[in-house]
Amino acid sequence: MASIGVVPSMLLLLLVGCSARPLYPLPSKMENKNRQPLQTSRPYNVAHRGSNGEIPEETAAAYMRAIEEGADFIETDILASKDGALICFHDVTLDDTTDVEEHKEFADRKRTYDVQGVNTTGYFTVDFTLKELKSLRVKQRYSFRDQQFNGRFQIITFEEFISIALDATRVVGIYPEIKNPVFINQRVKWPGGKRFEDKFVETLKNYGYKGSYMSKDWLKQPVFIQSFAPTSLIYISNQTDLPKIFLIDDVTIPTQDTNQSYWEITSDAYLNFIKEYVVGIGPWKDTVVPVENNYLQTPTDLVARAHACNLQVHPYTYRDESLFLHYNFNQDPYTEYDYWINKIGVDGLFTDFTGSLHKFQQWNSPISPDDEDSSALLRKIALLISNYKKK
Amino acid sequence: MASIGVVPFILLLLLVECSARPLYPLPSKMENKNRQPLQTSRPYNIAHRGSNGEIPEETAAAYMRAIEEGADFIETDILASKDGVLICFHDVTLDDTTDIDEHKEFADRKRTYDVQGINTTGYFTVDFTLKELKSLRVKQRYSFRDQQFNGKFQIITFEEFISIALDATRVVGIYPEIKNPVLINQHVKWPGGKRFEDKFLETLKNYGYKGSYMSKDWLKQPVFIQSFAPTSLIYISNQTDLPKIFLIDDVTIPTQDTNQSYWEITSDAYLNFIKEYVVGIGPWKDTVVPVVNNYLQTPTDLVARAHACNLQVHPYTYRDESLFLHYNFNQDPYTEYDYWINKIGVDGLFTDFTGSLHKFQQWNSPLSPDDEDPSALLRKIALLISKYKKK
């Protein structure tokens, strides 16, 4: 027995353990005084489900890739597991974006539930514990996108998502959605009579998210809370000042909680009402500018009316693939960004392709770098003037 | 009878006719001393078959659109009609891009010919007179592109194509291909024993195209002559100094006239031989950087070896649609342009999407404007310095 050598090494471990200083601290634990702040000079680049054009949606890798590509905000949909853990996942069912079909141990979990008035069959997240969800692997939703990462990544929790944002080397905002709250509150119960919305806000508070839009606190940890359900947004207004965004679905879909039509919730009266609770709206882009036979029609006045109520407009969702691009854009996603940013004048864009939007913005309205060397500046001026040298 | 008023009127018309001055002169007939010259500071934007991403290929509209979008060169494929007229058309058959199937009067014209070793069935251009070809209407080749212009445009002649370039308000080069010369010379005979290549060159000369690459004459009317058939290029070398480009097909396709393999015509020995006749090569891009399972592999050394022989490289063809974009480009056509221009270092690009390439180049390597207002310049300097004002 090499007991002689074991004792000192155990003492050393004890020492390290007690000092609680990890040998390689996470970025968020380091001095971060000079982190590049959130840009506020041009429309927000909102990484819709992360860079899911390249990597399966709502995974850690997709979010980290989005941050790498320049996202202002990383966006996610929050649902819940059977045991009440808040997870990042878009669909109420696991069928389209995970390998649940290959897990024979869960074969008996298929159910049919009413989801927003539609009978839906599949494997529901609310019927799986977090541990079970973690045994699944995520896959790319669209067959025409890169499939090479299928089966590699897990579903992540709301807390893991927040850590990714907080650990970034620059300030990155989060944009979580209170998703299907009516459905979740029917299926999942939390102790102490707490609701889904309570747990959602609780998580944000635990990680230090606070402050109203553009406040000092908010700029340190930016966040927009989004939802299709107006009662959820109004409910949490009592609990937090954090800015909220009211999502608006297609013209045929009524709100899941108040059963109000598109026409009602986009009326001047309603906008004037909801503006007391939210800082902006998030409409489906093809309702802002209607589309017929894949051609744009005359834009509606929704943006003007929203702006008149001091509401931001963040439409969803912009995608590079030509099957999503209307013919007016000549198969060029940058032409689409140009139109929405410069012609329609939106304040933020949910995009599957963070990199494309970032490049468009950088090439057209670049952020002035903070630490520009003054002699580099003088050199620029000299270059500008040199064209005018006396011959 | 108002004969009194008619006589002065007729005299006026006579006067106008005799002076031979049209009331609205074509742009090319006007003083054109200050036409913006061909840009030569960055890789050439070659409008492959015109802006055929938006408008059916090789039509007047597609070429005018390409010029509007910023093309440096408009590209075309020259074939011949039964009566020996040179036309702009890509396929030897009319089936895929015209409404020939709807013309019952031509139902008996279907034939099967050997085209480059392959038995091909269809309606061949060489079996129709120009008048008959002009009765057809062109349609968009790809079903996923805008179909709204189907049936509106005619096939145009080489001369009409040249007029479009010469009539542009800035200098626009042309990039015509001696297409399928072996087949054309088999099926079409010209008087005086002239060959397809002779008529091709004759047309260029008639319109004043002359001069070697980058000569004063050439810069006024830029042109590249392209062909897959080396003997055609060598044959015309005796008749003109105009720059020529040797096109190279996929690795499995031998040359139609000399039956040489890809490996032979891309060898150092061959490049050293052909460089006496051409200024560059036009390879299929997926042979320059091979592709496996839609991922790029290690680039070949073809560009380096071509450049070592002072040969330009103009690969074909760049398209915006994601079905053509390899996964490395993340569904973003601008990422593809970036890779080929900045990493691989090509000298020109054949693209179906003139506008996208032009925007990429303008946003990244803009042409310095000639007439930049000096006060606008001073304002720019003031803006740059303003950040450093003493607080």
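Let's start with the annotation: in an unreviewed entry, UniProt lists residues 43-361 of chain A as "domain: GP-PDE". Keep in mind as you look around that this is a predicted model. In chain A, the end C-alpha atoms of that span lie 9 Å apart, and the span is 30% helix and 17% strand. Chain B carries the annotation "domain: GP-PDE" too, again from an unreviewed UniProt entry and again over residues 43-361. There the end C-alpha atoms lie 9 Å apart, with 30% helix and 17% strand in the span.

Now turn to two strands of chain A. Strand S1 (residues 44-47) and strand S13 (residues 348-351) run parallel, joined by 4 bridges. One of the pairings to look for is A:Val46 on S1(A) with its bridge partner A:Phe350 on S13(A). Along S13(A), the residues point in two directions: A:Gly348 and A:Phe350 go one way, while A:Leu349 and A:Thr351 go the other. Buried or exposed, what are these four residues of S13(A)? They are all buried.

From here we can step into the largest nonpolar core, which has 65 residues. The members that touch the most others come from both chains: A:Phe246, A:Ile281 and A:Trp340, along with B:Phe246, B:Ile281 and B:Trp340. A:Ile281 is a good place to pause. Setting aside neighbours within four places in sequence, its contacts include A:Phe246, A:Ile245 and A:Ile248, as well as A:Leu271, A:Leu302 and A:Ala306. The stretch A:Leu311, A:Gln312, A:Val313 and A:His314 is also in contact with A:Ile281.

Still in chain A, have a look at helix H6 (residues 196-206). Its buried residues are A:Phe196, A:Glu197, A:Asp198, A:Phe200, A:Val201, A:Thr203 and A:Leu204. After H6(A) comes A:Gly208, with a positive phi near 85°.

Let's move over to chain B, which has 15 helices and 13 strands. Of its 391 residues, 52% count as buried. Chain B exposes about 18600 Å², of which carbon and sulfur atoms supply 55%. Among its contacts between residues at least 6 apart in sequence, 69% join residues at least 24 apart.

Our last stop is helix H14 (residues 354-364) of chain B, whose buried residues are B:Thr354, B:Gly355, B:Ser356, B:Leu357, B:Phe360, B:Gln361 and B:Trp363. What covers the buried residues of H14(B)? From chain B, the cover includes strand S1 (44-47), helix H2 (60-69), helix H13 (333-344) and strand S13 (348-351). Chain A takes part as well, through helix H13 (333-344) and helix H14 (354-364).

Technical notes
Residues numbered from 1 in each chain as written. Chains lettered and ligands numbered in written order. Predicted model: local features only at pLDDT ≥ 70, side-chain atom pairs only at ≥ 80, totals over all residues. Heavy atoms only, no water. Buried < 20%, exposed > 50% of the residue type's maximum accessible area, 1.4 Å probe, protein only. Contact = heavy atoms within 4.5 Å. UniProt positions renumbered as here; feature names shortened; annotations may be inferred. Pairing = 2+ DSSP bridges. Core = buried A, V, L, I, M, F, W, Y, C linked by side-chain atoms within 4.5 Å. Areas by Shrake-Rupley, 256 points an atom, 1.4 Å probe, with all protein chains shown as cover.
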